[in-house]
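Got the viewer open? Here's a short walk through the model, one selection at a time.

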Amino acid sequence: MADDFENQFLISLINYLSLMFYVGLLAVPPIIYLYVLSLSDLNYKAKEKPIIHFFLPLILFVINTLCFFYLTFSQDQESFSFEVSVVVMNYSNYVAILFIFPLINIYYIYSIFKAYSYYTKRSKEIYSYYDGISIRWILHFVIGYIIFILSTYVINSISGKVKYIPFIVFLMSYLLFVGIRGMRQKKAKLLALEENSKVNQQDPVGKKKMQKVQKNETLINDISIAMEVEEAYLNNTLTIYEFSKMVNSNSKYVSQILNSEFGQNFSSYVNSFRVEKSKKLLVSNQYKNYTIEAISEKVGFKSKSAFNNAFKNIAGMTPSVYRKKQKVDEDVMVG
């Protein structure tokens with residue numbers, strides 16, 4: 001009698017966990033989305049409440065749980081209510097896996113790419129470097145997730161037990177990759193830019209405009225001096241917050257000036273000076289024995305790859321090609 005009860009309990013538990021699989025499947029996309037948002041201390045959608053994202057999984061959880069317990073303890077398996085419970089439970093899970101799951105994946109994958117784009121843009125407005133704060137691996141993460149989704153549908157159309165072996169291997173590799181990169185990832189500090197100090201509302205309009213123009217000209221001059229004379233760009237961990245203190249302003253105002261007057265974000269503006277400085281060092285006799293990596297560190301880049309990318313974007317060629325080209329041109333002029 002005890003053995004029968006244990007077997008019945010085990011069967012019921014397995015059946016219930018099978019139903020929870022569908023609930024868990026619906027919860028995966030919002031969990032991944034919220035995880036991506038957690039990689040920055042900037043609340044991407046400040047008024048967004050996490051519980052809203054789990055509304056559909058919660059509904060399915062309630063339906064499956066109520067139907068399961070009713071079917072398990074029902075005394076009359078031929079009653080109309082019993083048949084309705086079976087139909088409701090089956091169709092709920094059927095609709096969830098075939099329609100709702102693909103749709104919410106499309107929505108959340110789009111939202112992740114949108115958040116990634118936003119984070120990338122914001123980081124360029126704040127940081128003068130990318131190493132350590134890059135969240136490019138999120139793209140690999142999402143691509144792997146898309147492959148995972150597609151593979152779950154593909155393996156169901158293939159017969160035989162062997163079909164699960166490559167799927168399990170891929171899934172384990174994917175989870176290992178995500179786990180390692182997730183642990184190594186530094187949280188991107190994308191704090192909101194500081195607000196401008198308020199102008200006295202009693203000042204005449206003309207006076208406020210004049211003060212604003214003078215303030216802009218002063219700040220533009222201070223920014224130019226900080227870069228060209230003081231060479232603030234040599235600091236390889238320079239952020240817009242530190243730079244704003246150097247020019248006696250705030251980060252939001254500096255960002256606005258860089259965009260409106262210089263047509264660049266903070267990162268591209270700083271890197272333009274680093275690249276120009278590196279051009280001089282690359283052809284200098286004093287630094288002719290320096291490696292590309294050594295020169296990149298000398299001008300404020302944190303890595304050779306970051307230097308190569310910035311240099312190629314600005315000069316249209318890599319630093320090594322530029323150095324060779326300048327040497328060839330110099331030899332031709334001497335000859």
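Let's begin with the salt bridges: there are three of them in the structure. Keep in mind as you click around that this is a predicted model.

**Stop 1: Glu-125 and Arg-122.** Select this pair and you'll find a salt bridge, with 3.3 Å between the closest N and O atoms. Both residues belong to helix α3, where they sit three residues apart, about one turn of the helix. Now switch on a surface. Arg-122 has a relative accessible area of 9%, so it counts as buried. Glu-125 comes in at 15%, and since the cut-off for buried is under 20%, it is buried too.

**Stop 2: Glu-276 and Lys-279.** Jump over to helix α9, where Glu-276 and Lys-279 are three residues apart and therefore separated by about one helical turn. Their side chains form a salt bridge as well, the closest N and O atoms lying 3.3 Å from each other. Which partner is buried and which is partly exposed? Lys-279 is the buried one, at 19% relative accessible area, while Glu-276 is partly exposed at 40%.

**Stop 3: Glu-231 and Lys-277.** Next, pick the salt bridge between the side chains of Glu-231 and Lys-277, at 3.2 Å from N to O. This pair ties together distant parts of the chain, 46 residues apart: Glu-231 is in the loop between α6 (205–228) and α7 (240–246), whereas Lys-277 is in helix α9 (residues 266–282). Both ends are partly exposed, with Glu-231 at 25% and Lys-277 at 26%.

**Stop 4: His-53.** Leave the salt bridges and select the loop between α1 (2–37) and α2 (55–73), which is where His-53 lies. What does the side chain of His-53 touch in a polar contact of 2.8 Å? Show Tyr-108 and you have the partner: the two side chains are joined by that contact. With a relative accessibility of just 9%, His-53 counts as buried.

**Stop 5: the nonpolar patch.** For the last selection, take Val-87, Tyr-91, Tyr-94, Val-95, Leu-98 and Phe-99, and colour their surface. Together they make a nonpolar surface patch of about 580 Å². Zoom in on Phe-99 to finish: this residue lies in helix α3 (residues 80–126). Phe-99 is partly exposed, with a relative accessible area of 47%. That clears the bar of over 30% relative accessible area used for patch residues.

Conventions
Residues are numbered from 1 along each chain as its sequence is written. This is a predicted model: local features need pLDDT of at least 70, side-chain atom pairs count only at pLDDT 80 or more; totals for chains, interfaces and linings use all residues. Side-chain values use heavy atoms; hydrogens and water are left out. Patches are made of residues with over 30% relative accessible area and no salt bridge: like charges are joined within 9 Å, nonpolar side chains (Val, Leu, Ile, Met, Phe, Trp, Tyr) within 5 Å. Accessible areas come from the Shrake-Rupley method with a 1.4 Å probe; for residues, only the protein chains shown count as cover. A salt bridge is a side-chain nitrogen of Lys or Arg within 4 Å of a carboxyl oxygen of Asp or Glu. Helices (H or I, at least four residues) and strands (E, at least two) are DSSP runs, numbered from the N terminus. Buried means under 20% relative accessible area, exposed over 50%, partly exposed in between (1.4 Å probe, protein chains only). A polar contact is a pair of N or O atoms within 3.5 Å; within protein, one must be able to donate a hydrogen and the other to accept it, and residues adjacent in sequence count only if both atoms are side-chain atoms.
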